[in-house]
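Here is a short, friendly tour of a protein model. Have the sequence and the coordinates open as you read.

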Amino acid sequence: MASVNEQIVREYFETLGFFVIQPNKHQVAARHKLDSEEIDLLIARPGQAGVFTAPSEIIWGAPELARVQRAIVSIRGWHTDKFSPAVLKKNPDIFRFAGLSVIKEARRTLGPGSITKILCLSDLTPAVAPQEETLALLRQGGVDGVLSFRTMLLELIESVDVSKNYEKSDLIQTLRILKTYDLLKDSQLELFEKPKVRKPKS
């Protein structure tokens, strides 16, 4: 499942024009990760790196990522769980990728300068108060921006042109096929769909 999650995230950032680097191809299970192994992906926008100004909001999508030049990306695709204060407190290793020693490791590849810390996660708890506490804890832990898999998949679906053949990407090609047969619809279209009227039973 980890490779599927990474493929979704990789395709998402590449669609937005980032170069994507995957420093490690192996999984670590029997020991603590080294700093270099905390990095799931590194991303960089072509061109000269500038100074990053973080958006006021921590929940991001494509508009917020337009400001990002370089970033370290951590992927937590726990699709059966919702991120809450309890989950964060039970899994403090979530924040390790945002630590100074890991950022220094990332600079070995990306070079000197500021590096944004992005956490890709399954979903946040829907209750307002716990969600606000979760986001506050993420900020305190050094996370600059949060991307949900829902956001990434919706934006990927919207970017797919059914008239094009995406044979170089299995994921995008699969989304294109599903969209061609009306099994997937753009989020904007869903907002304007008429509610189905149930016929009265005879």
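## Helix H7, the cores and a buried aspartate

Let us begin with H7, where Leu-171, Ile-172, Gln-173, Leu-175, Arg-176 and Lys-179 are buried. Keep in mind that this is a predicted model. Just after H7, Asp-182 adopts a positive phi of about 60°.

H7 also leads us into the interior. The largest nonpolar core has 26 residues, and Val-9, Phe-13, Leu-65, Val-73, Ile-118 and Leu-147 are those with the most contacts inside it. The elements below each supply at least two residues of this core.

| Element | Residue range |
|---|---|
| Helix H1 | 2-15 |
| Strand S2 | 41-44 |
| Strand S3 | 70-76 |
| Strand S4 | 116-121 |
| Helix H6 | 149-159 |
| Helix H7 | 170-180 |

Apart from this core lies another, of 25 residues, with Ile-39, Ile-103, Ala-106 and Leu-119 among them.

Which residues does Leu-65 touch? Leaving aside its neighbours within four places in sequence, Leu-65 is in contact with Tyr-12, Phe-13, Leu-16, Phe-18, Arg-45, Trp-60, Ile-118 and Leu-147.

Now for Asp-144, which sits in the loop between helix H5 (128-140) and strand S5 (145-148). Is Asp-144 buried or exposed? Asp-144 counts as buried because its relative accessibility is 18%, and the cut-off for buried is under 20%. Not counting residues up to four places away in sequence, Asp-144 touches Ile-58, Trp-60, Ile-115, Thr-116 and Lys-117. With Lys-117 there is a polar partner to look at: a polar atom of the Asp-144 side chain lies 2.8 Å from the backbone nitrogen of Lys-117.

How values were computed. Residues are numbered from 1 along each chain as its sequence is written. This is a predicted model: local features need pLDDT of at least 70, side-chain atom pairs count only at pLDDT 80 or more; totals for chains, interfaces and linings use all residues. Side-chain values use heavy atoms; hydrogens and water are left out. Helices (H or I, at least four residues) and strands (E, at least two) are DSSP runs, numbered from the N terminus. Buried means under 20% relative accessible area, exposed over 50%, partly exposed in between (1.4 Å probe, protein chains only). A polar contact is a pair of N or O atoms within 3.5 Å; within protein, one must be able to donate a hydrogen and the other to accept it, and residues adjacent in sequence count only if both atoms are side-chain atoms. Contact means heavy atoms within 4.5 Å. A nonpolar core is a set of buried Ala, Val, Leu, Ile, Met, Phe, Trp, Tyr and Cys residues joined through side-chain atoms within 4.5 Å.
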